Amino acid sequence: MEYVELLNCMRCGMCLPHCPTYKETFLETASPRGRVALVRKIQDGDLEVNERTLEFLTLCLDCQACATACPCGVNAGELVAEFKCEEKEKGGLSFMEELILRKLVPHPDRLESAMLPLRLYQKTGLQRLVRTLGILKMFPPALERMEGLLPPLPARPLRKSLQEVTPAVGEEKGTVGFFLGCVMSLIFSEASHATVRLLSTLGYKVITPKSQKCCGAPNMLGSDLEGVRRMALFNVELFGSHDLDFIVTDCGGCGAELKKYGRHLPGDKSSAEFSAKVRDISELLALHADELKEKLKPLPRKVTWHDACHIAHCQGIRQQPRALLALIPQLEVSEMNDPDTCCGSGGTYNIAQPEMSDRILKRKVDSILATGADYLVTANPGCLLQLKKALSETTPKVKVVHLTELLSESLVA
Amino acid sequence: MEASFIKELQGIVGKEHLLTDRESLAVYGYDATPELESAPGAVLLPGSGEEMARIMALCYGNGVPLTPRGSGTNLSGGSIAISGGVVMQTSRLNRILEIDQENLTATVEPGVITSTLHKRVEAIGLFYPPDPGSMNISTMGGNVAENAGGLRGLKYGVTADYVMGLKTILPHGELLRSGGKAVKDVAGYNLTQLLISSEGTLGVFSEITVKLVPKPRSKKTMLVHFPEMEQAALTVSAIIAARIIPATLEFLDKVTIRCVEDYAHVGLPLDVDAVLLIEVDGHPAEVEEDAAGIRVICEKHRCSFFQTAATPEEALKLATARRVALSSLARLKPTTILEDATVPRSCIAPMLKFIQETAKKYDLTIGTFGHAGDGNLHPTCLTDERDHEEIRRAHLAFSEIFDKAIQMGGTITGEHGVGIAKKPYLPRLVGEAGLRVMRGIKGGFDPKGLLNPGKIF
Ligand SMILES: Cc1cc2nc3c(=O)[nH]c(=O)nc-3n(C[C@H](O)[C@H](O)[C@H](O)COP(=O)(O)OP(=O)(O)OC[C@H]3O[C@@H](n4cnc5c(N)ncnc54)[C@H](O)[C@@H]3O)c2cc1C
């Protein structure tokens, strides 16, 4: 982080009405302007890194709505995240962090094995039992929340079942590398399956390198920049060994992180090149709107689109998903209020900051329900988890789906 | 601050709405004004007018200064507690209490965000015209306290033209009602108008009643390029002299145009010296006629390009250049000093010329944009607070610009208020008599001088 980026904040306050935590609290300490000021005061030596300042900084969701709103191009969310990384570098990782961020996350095999007991837990009916008996109430609240977020898991992670090369249907127009996000593979494999299907239908050969590692977003959440860099170097080399037109992902969080590899590894040319090739699935599909239009069949439904922060704020993608939805015949799209306001998921924020997350989520759910839509469409696994849980509890008739699932359904319907 | 006093404050607002830790107070030391900062001793976020009154009475009784704060977006240091004490933030009082469709009024709490009111009334075909650039975050209380203007000021006037009634809590906690929904009211001094633009030094508004007007039926947006700045400035006066009153008549100078083009790529040619954004609204027939008249005047003043928006989307696109003016300038350098010297409309051309010459004399980058139709310009100095020498020159330049504005029959501030930032210049404008009367008024409201002390004079 450059000090001048802090100075660039002119304290105009334009970010305040867009910040989910300010909207809930009206507190300057919970606003982007306030957080930039805090970081600057710490750098200046007027304040210290202590329990209080960290409390204020960790309340930030890093949704980056402030970056969209800022007239001077200050990205308060990113500055806070980078500041936390720098602090972490001084102190080092704790035992648990080392275990999770360095030993588990970087290894898809271990991650998949770690999920195995969970799959058993669901399959054997133990989950139903636990939920009815309320046994989880006896465990730490974070565990209870994590359990609650878990939707039914697919039988096998997609990484295991997907071929390394999926050929193009018909004439081959190009080759894409598919970056399969961990959560997409482990939990939302249906959606990623749909993504690959759409790509190959449009004439792309899809290469999904089996040995790819996590994008590094969990490490960023854990303020472990070194961990992100290691993952980045690995993935850049792996994808670099193929001749690719684009690197595609259907996970907003991965996309945002992959596009930042260049920033994380300043001076590294191949990382910058890698980042330049990364596309969110909606960006690539929107390029083929005409072809898609001919292939899509009617879906008479009412849907509403939620702009995931990692897609709208971090990648500036708003128009493409809407354009894609508009292609589906008979699909009615009803815009919600503030579609680009965070749902409170924030990676692991909903577990780390349950109270604030719930307040932010409530606002989102109200906006969704006000549209009268029976489908909520988005394209980021964090939001899918968060909104699936919330809506299944309150209004089960509203289904939550990934954009590619909907498009793929229209392809066959 | 004494523990027992803090405890009493806590008794009024509750623990959650009282901040006293050093880390929280540190970020309540600023507003949007550059170079000014001073942390308060406590911050309170009351939840009702009654709580505000009790807080104020308690502070006044204990001799503790109190500074009201809305969203902290003012540009004169008005919400900075330079004498310490308590900052009282009104954000939680954010209810729109009533929209009276028979009398065409809205009554709001002070923490209501300006654009929230816009949306609510426009949904039922009504209109609250004041639209400061900060309307998505500024509070109605802050707007009244600063008498905020906006882009629609030329035709529709400023906040003061819409405030009909106020409930104001006086410094010692007593409630003062002034004005109301009656259109006419000449009972005694016009306290409502006196309280508007009092910058939180006379009382704290707990309820505000504003006038609404019917939403204009149609509007037309135009963007005009001028190869000569002087001609653009003369166009402004000529349009008004032709008895056409556009809702919006905004100006961008060459420095601003360059920055806008660099940042937003809206297609402004770089050899253009000035751009006017003009919007007319009202009855469709009248709008057509005004737009045609404006076109003739612009052409007479040798405009090089005249574009009329055909659709609302196109109108938005044309307005982009003006909308991003400040952002584009602010990106250039870390520190942005935005002023609001204002002159009679007929003096726009010489004033713009004077600003350019002054920038050159002091070797500064100053971009000017603003509400040309109101004579309200925003010369904006792009600098770096770490460069003390340049900051010193910037202050010298602005001092000359203010003097010039006064000389032309204008003012040192058209909408941002005096606060702390313009204090040194006020005596030049209002003189001894002006200051004496203002001090007398302040003493009448606040004999102990505890409400927002150190501001204006
Ligand atoms: C990017 C930007 C653009 C701007 N554009 C414009 C513009 O176009 N036109 C314009 O006029 N201004 C503009 N401003 C200035 C500013 O937004 C206005 O002065 C606004 O009215 C301040 O509102 P606030 O809620 O932020 O008040 P604050 O800044 O919190 O307070 C302003 C003053 O009002 C007092 N105050 C606040 N609430 C109350 C209350 N309830 N009772 C009594 N006193 C109170 C405070 O003590 C202080 O003196 C702009 C500012 C920025 C940063």
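How many residue pairs are in polar contact between domain 1 of chain A and domain 4 of chain A? In this predicted model, the count is seven, with both residues of each pair at pLDDT 80 or more. Helix 2 (20-25) and helix 5 (65-69) of chain A are the elements that give two or more residues to the side of domain 1 that touches domain 4. Helix 2 of chain A gives the most to this side, with five residues. By class, the domain 1 side has six nonpolar, five polar and two charged residues.

The two domains belong to a chain in four parts. Chain A is divided into domain 1 (3-91), domain 2 (95-149), domain 3 (158-286) and domain 4 (294-410). The C-alpha centres of domain 1 and domain 4 of chain A are 27 Å apart. In contact across this boundary are 13 residues of domain 1 and 15 residues of domain 4. The size of an interface is often given as the accessible area lost when the parts come together. For domain 1 and domain 4 of chain A, the buried area is about 1,300 Å². Carbon and sulfur atoms carry 57% of it. Three residues, Lys23(A), Glu24(A) and Leu61(A), supply 44% of the area that domain 1 buries against domain 4. No other three residues supply more.

Charged pairs also occur at this interface. The rule finds two salt bridges across the interface of domain 1 and domain 4 of chain A. Glu24(A) forms a salt bridge with Arg359(A), with the closest N and O atoms 3.5 Å apart. Glu24(A) is thus named twice here: it is one of the three residues that supply 44% of the domain 1 area, and it pairs with Arg359(A).

Over all chains, the structure holds 53 salt bridges. Some of these are joined into a network in chain A. Glu5(A), Glu78(A), Glu82(A), Lys260(A) and Arg263(A) are linked in this way.

Another salt bridge of chain A lies within a single helix. Lys389(A) pairs with Glu393(A), and the closest N and O atoms are 3.3 Å apart. Both residues lie in helix 25 (residues 381-394) of chain A. They are four residues apart, about one turn of the helix. Lys389(A) counts as partly exposed because its relative accessibility is 26%. Glu393(A), at 56% relative accessibility, counts as exposed.

In chain B, two salt bridges link distant parts of the chain. The first to be described joins Glu390(B) to Lys333(B), with 3.5 Å between the closest N and O atoms. Glu390(B) lies in helix 14 (residues 388-407) of chain B. Lys333(B) lies in the loop between helix 12 (325-330) and strand 16 (335-338) of chain B. The two residues are 57 residues apart. Glu390(B) is buried because its relative accessible area is 12%, under the 20% cut-off. Lys333(B), at 27% relative accessibility, counts as partly exposed.

The other pair is Lys422(B) and Glu339(B), whose side chains meet in a salt bridge at 3.0 Å, N to O. Lys422(B) lies in the loop between helix 14 and helix 15 (426-445) of chain B. Glu339(B) lies in the loop between strand 16 and helix 13 (348-361) of chain B. This pair is 83 residues apart. Both Lys422(B) and Glu339(B) are buried.

How values were computed. Residues numbered from 1 in each chain as written. Chains lettered and ligands numbered in written order. Predicted model: local features only at pLDDT ≥ 70, side-chain atom pairs only at ≥ 80, totals over all residues. Heavy atoms only, no water. Domains from an automatic or database assignment. Contact = heavy atoms within 4.5 Å. Buried area = accessible area lost by both parts, 1.4 Å probe. Salt bridge = Lys/Arg side-chain N within 4 Å of Asp/Glu carboxyl O. Polar contact = N/O pair within 3.5 Å; in protein donor to acceptor, adjacent residues only side chain to side chain. Nonpolar A, V, L, I, M, F, W, Y, C, P; charged D, E, K, R; others polar. Buried < 20%, exposed > 50% of the residue type's maximum accessible area, 1.4 Å probe, protein only.
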